[in-house]
Amino acid sequence: MIGAAPLFSLWAEPLAVHALVLDPAPRMISLPAPERRFPTLTRTHPGAVMFERMIHDLWGLEALGAEDGRPLLDHGRWPVLNPLSGRPVRHAAPPPQPEFLTAWGEGVRQFPIGPVPPDIEEPLHWRLHLLGEAVLRAEAQPGFAHKGTLGLMLGKSARAAARFPARLAGDATVAHSLAFARAAEAALGVTVPPRAAALRRAMLEAERAAVLLLGVSRLAEAAGAPQLCARAALLREAMLRACFGAFGHRLMMDRVLPGGVAQDIAPEGLPMLLGAMAAIGRDWPWLLRAAKALAARLAGMGIARPEPGVVAGGIPARAAGLAWDARADDELPPRAAVLDSADAAARLWLMLAECDDALRLLRLALDDVSPGMASAQASSALSAPVPGVAGTGFALVEAARGPVLCWLRLDEAGLIAQAWLHDPSWGHLPMLETALAGAELHDAPVIRASIPISASGMDL
Amino acid sequence: MRLIRNALRPLSNPAPEPDARDVEELAARLNAVARARLGRALAIRHVGAGGCNGCELELLATRNLVLALQRFGLGFVDNPRQADILLVTGPLTRNMVEALARTRALLPEPSFIMAVGDCAVDGGVFKGSYAVEGGVQQALAPDLAVPGCPPSPTQILSGLLSLLAVQE
């Protein structure tokens, strides 16, 4: 059905399966599943396995011929089975023990981490198989943060449902909101006013810069570089405070809505943003020097390449020589850097390079925004009306961690009939599993920090 | 043999006896300072009960140099047995109920339970979903709730400081 094209995302609705492939442009392929079955993609695209397990949990569609039939998000603790299948079954049996892939050999032992992991982390379980201090196999168990987000969106108007994609992953709230808004606008044929489009670009790049600084900070913390950790965290704080001044929310949650944006940039916010950007610019040479020292230690650590047949996107993929960026066709495309050593050092360099580029794009977006600052803007300059009509649409947006996807089907009243939200963690978690296998146990936290995962984004 | 005995004999003089009055005085001073400083220290164990990660991001921010919760004697610990505060974020997903209960059971008494963020308070926007319990109070009785989506790091810090203040 999808041939040899690399798979980006796979999801379903009650009687159909949908795939987004890169061919090389993003293209959607749909396959009806009238018997609630579809042929597995894992023969040609082994990386599709997690998607197929998730589709079975949520929609109850069976992947025929799949070797791995274990549940992924459903831990047997929900009151229903297949909650999105349109005919959920009540469930009250006690939860089963999870099964993990094993590693055999004399002296092999299991090492569990989570779902309450050390430090301030999202709930995720890791099952490591160790021989001495060497990791033989690392497998993640997601699902602990499953909130039923897709189910909550159904039957709501695009405006009313916008708060759910905004809360899929806190570090990509602007990106997920924007993908959702663009998917709804594509489905309903809405054109966004130019000022709103510029404000959206500004918020997206501000979020990217702040999240990439956090990524640098957390990687430096895990690798034992406290000064770089502290400096990057301080610059992130400056960005977040400026975002609060400009957009009224530190993470800019609920600021992007279908049709446009919720509010204009505050007049006093613009100098705050420029001030934060200038502070980052002043510290940039210091950050690069500190990163160079750290990169020397990270070289060759945590080699991660995308799973066969799957295109993951984001920094982990661009560090492995795959150049795709969801913003490539934008009016102002990013200056994408691509490395191919695929190690933690390459990912650190790309975090810094892409942060620098995000600040450049943020400055360009603010140039477009500032002329309208003098006078109060009419609401029509910030948002277009959203009609209540039927339609289908999808949109891709590049978040700091990688591309996010939203697909929507709206019914005649403009209410959401089906929805899918894809977080880049779907591609990155399998990469992280491969990167951890073969590593030393004490390097595992560093490797994990070099491929940031959003458990909530994946758990839905 | 003599060579070894000589090598083992310490070159330094025998230790002088400390003055008993000095020791007593210093101990009293240290006690007073320690009570003011260390008596106010509280260790926090965070449990992410399935939130969107927004609250975790703001929790991380409380550790940066401008908010610096360490200066108040506050800090995050990995081992729940060493914690005084169980800080919970997220709407308490059904898949996290057992993990939260098990972590709670490991905290020594007396301890505080703190719900951070709208989700942890009552489930927030996820209230009513098949997959969430709808806030921490469905499983535990929080001593303090910090609402907000997400609350700012200053609000979180202010909540933690009120737990410190009741220690006085």
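Welcome to this predicted model. A good place to begin is a pair of strands in chain A: strand E13 and strand E14 (residues 403-410) run antiparallel and are joined by eight bridges. Within this pairing, Ala395(A) faces Cys406(A) of E14(A).

These two strands belong to an open sheet of three strands in chain A, ordered E13-E14-E15 and paired antiparallel. At the edges lie strand E13 (391-398) and strand E15 (416-422) of chain A, each pairing on one side only. On average, neighbouring strands of this sheet are turned by 10° against each other, direction ignored.

Another antiparallel pair in chain A is made by E1(A) and strand E2 (residues 16-22), with six bridges between them. They form a hairpin, with two residues between the strands, and Ala12(A) stands opposite Val17(A) in E2(A). Strand E1 (residues 7-13) of chain A is largely enclosed by the rest of the structure, because seven of its seven residues are buried.

The two antiparallel pairs can be set out like this:

| Pair | Bridges | Facing residues |
|---|---|---|
| E13(A) and E14(A) | eight bridges | Ala395(A) and Cys406(A) |
| E1(A) and E2(A) | six bridges | Ala12(A) and Val17(A) |

Now for a helix in chain B. Helix H3 (residues 54-61) of chain B is mostly covered, with eight of its eight residues buried. Among them are Gly54(B), Cys55(B), Leu57(B) and Ala61(B). What covers the buried residues of H3(B)? The cover includes helix H4 (173-188) and helix H6 (226-247) of chain A. From chain B, it includes strand E1 (42-48), strand E3 (85-89), strand E4 (112-116) and helix H6 (153-165).

How values were computed:
Residues are numbered from 1 along each chain as its sequence is written. Chains are lettered from A and ligands numbered from 1 in the order in which they are written. This is a predicted model: local features need pLDDT of at least 70, side-chain atom pairs count only at pLDDT 80 or more; totals for chains, interfaces and linings use all residues. Two strands pair if DSSP finds at least two bridges between them. Helices (H or I, at least four residues) and strands (E, at least two) are DSSP runs, numbered from the N terminus. Axes are lines fitted to C-alpha atoms, for helices over the stretch in contact, and angles run from 0 to 180 degrees between N-to-C directions. A residue is buried if 20 or more other C-beta atoms lie within 10 Å of its own, exposed if 12 or fewer, and partly exposed in between; C-beta atoms are placed from the backbone. Two residues are in contact if their C-beta atoms, placed from the backbone, lie within 7 Å.
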